[in-house]
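Hi everyone, thanks for coming. I'd like to walk you through one model today, a piece at a time. Let's put it up on the screen.

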Amino acid sequence: MIRISTIFIAICMVLVAASLGLVLYSVAGISGTESAIVALTALTFLILYNAVSMRLRDRSDVGGQIADLSRGTADLARQVAEFGRRLAAVESRIAASNSTNSDRIQSVIGEINELGGLVRQLATTVAAHEDLLAGNAPAPAPAPVSRPEPETPIDLAAPFEEKPLAPPLPQPLPRPAPPTVQIQAAPPVQTANGRNQTQLLATLRNAVDENRIDIFLQPMVTLPQRKVRFYEAVTRLRDERDQLIAAEEFISIAEASGLIGRIDNMVMLRCVQVLRRLMVRNKDVGVFCNVAASTLGNSTTFAQCLDFLEANRALAPSLVLEFKQSTFRNLGPAETENLAALAQRGFRFSIDHVTDLRIEPRELADRGVRFIKVPAALLLDPKQASASDIHPSDLSDLLGRFGIDLIAERIEGERAVVDLLDYDVRFGQGFLFAPPRPLRPEGASATGGASPNQAQDIQGSNGSATPTSGATSSAPPPQRITGNAALARRI
């Protein structure tokens, strides 16, 4: 539609041209024809001038619009590039997530395969039990030794997941309860291997003087994967006939006679040697070393231990010092100060021999405790729900809020493992996974087998565990062991 300004300009140009022709006709005396020609010529020039000026004005407007369009196109291109970058980032994240999920699936598949192997091995063991029960087959004859008790050699090549068979021996091991040895003037009390207190004290002194203190390693595994994460150093004493004496038989006499400090020093030295060998190939492995309460309270003995631990301070994250629950409940000023000195140097602590679940996690965490070992039977005991301030199923979460890991020890059945998983227990220890295994005396490292004179071992290093049945010589072939267990077997 023609704009009003354009019509007005056209009318003005016609009037100007007509006025020019009229002036020429009336004033200059030019004829009417000539005056009309001049008027038309002037009108033509005015029209041309107006057209050119309008074209120039439109060109500038179009140029501005084109510039605006170019800027908009550039902004759109930048936005498209940003969207492309974000899309590429999303695609990379999706690809990484798919790769992670694939790795997890492969890990789950591997664990399922391991579980399948465990199930097959369990079926083999159950079949062997049924054959023994059905045929009333007698137990394998023990090796002829001079000991009065029957021997069952420890099959250290047995896999961790195998539960040891219980041989039907006619005369069981005469250990109805953990013996409490005391020095007294009454008639001598016979120990489990036939020695009285005086003989056992002499044997203990000779063993300490002749460095016949052996270290056994028992693994602690993650649940439910059953991968070895830590080892506990279990102390055993060898007499003159190279027969093993469990810690529960001599620990009380050692504390009463003042020899426990020397024993703890020797055990710490062995633990450091073992830990250095294990950490060559696996930096995540840890070793639990038991320390007696009398060592913590004796200033002279503790000073020697502290100097040794200070020299090996670099191993503090992997060397865990283990104390009894009664030790922490009866700490005196000297013990508290010595415990703080160890914690200040970066050493972590563990509590074992737990008898009840009345635990103060905040206080223990402030003292440097990072692990608590509770017997599986105590955790699964229904009476503990009413006897303690917290239900056993919530204990792991409560301890975890203060940086303390719960370890279920003395696990001897698969049913206990299933129940402990419902309690969110992350670590387990017991004969179900592996018995304590000896070390080579010259290298203080793990071996793959036991000597013929080694009797059935007892769980725990300070003598409160219950003896269990040893593996027989007819155990099924061991399955492939990986992780820290294989490393300990190769050392």
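Let's begin with residues 7-30, where the chain is 83% helix and 0% strand, with the end C-alpha atoms 30 Å apart. What you're looking at is a predicted model, by the way. A little further on, residues 36-52 are 100% helix and 0% strand, and there the end C-alpha atoms are 24 Å apart. I picked these two stretches for a reason you can look up: the UniProt entry, which is unreviewed, lists residues 7-30 and 36-52 under "transmembrane region".

Now please move along to helix α3, residues 197-209. Does its length come out as expected or not, at 1.5 Å a residue? The 13 residues of α3 should span 18 Å, and the end C-alpha atoms are indeed 18 Å apart, so the two agree.

Which residues of α3 are buried? They are Gln-197, Leu-200, Thr-203, Leu-204, Ala-207 and Val-208. These residues cover an arc of only 130° around the axis, so they sit on the same side of α3. As a reminder, an α-helix has 3.6 residues a turn, so residues three or four places apart point the same way. Turn the helix around, and the face away from the buried side carries Thr-198 and Asp-209, which are exposed.

And what do the buried residues of α3 pack against? The partners are three strands, β1 (213-222), β2 (228-238) and β3 (244-246), along with the helices α4 (247-257) and α5 (260-278).

Let's follow one of those partners, α4. Its buried residues are Ala-247, Glu-248, Glu-249, Phe-250, Ile-251, Ile-253 and Ala-254. If you highlight them, you'll see them packing against α3, β2, β3 and α5. Both helices are followed by a residue with positive phi: Asn-211, just after α3, at about 60°, and Gly-258, just after α4, at about 80°.

Stay with the end of α3 for a moment, please. In the loop between α3 and β1 you'll find Arg-212. Is this arginine buried or exposed? Arg-212 has a relative accessible area of 8%, and the cut-off for buried is under 20%, so Arg-212 counts as buried. A polar atom of the Arg-212 side chain lies 3.4 Å from the backbone oxygen of Asp-239. Setting aside neighbours within four places in sequence, Arg-212 is in contact with Asn-206 and Ala-207, and also with Arg-236, Leu-237, Arg-238, Asp-239 and Glu-240.

Next, some strands. Strand β5, residues 319-324, has 5 of its 6 residues buried, so β5 is largely enclosed by the rest of the structure. On one pairing, 4 bridges join β5 to strand β4 (residues 286-290), and the two run parallel. You can find that pairing by looking for Val-287, whose bridge partner in β5 is Leu-319. Then there is strand β6 (residues 348-352), which also runs parallel to β5 and is joined to it by 5 bridges. Here the pair to look for is Glu-322 with its bridge partner in β6, Ser-350.

One last stop, and then I'll take questions. In the loop between α9 (333-344) and β6 sits Gly-346. Its relative accessibility is 37%, so Gly-346 counts as partly exposed. How far is its C-alpha atom from that of Gly-368, 22 residues apart along the chain? The separation is 8.7 Å.

Thanks, everyone. Over to you!

Key:
Residues numbered from 1 in each chain as written. Predicted model: local features only at pLDDT ≥ 70, side-chain atom pairs only at ≥ 80, totals over all residues. Heavy atoms only, no water. Buried < 20%, exposed > 50% of the residue type's maximum accessible area, 1.4 Å probe, protein only. Pairing = 2+ DSSP bridges. Expected span 1.5 Å × (residues − 1). Arc of directions from axis to C-beta. Contact = heavy atoms within 4.5 Å. UniProt positions renumbered as here; feature names shortened; annotations may be inferred. Polar contact = N/O pair within 3.5 Å; in protein donor to acceptor, adjacent residues only side chain to side chain.
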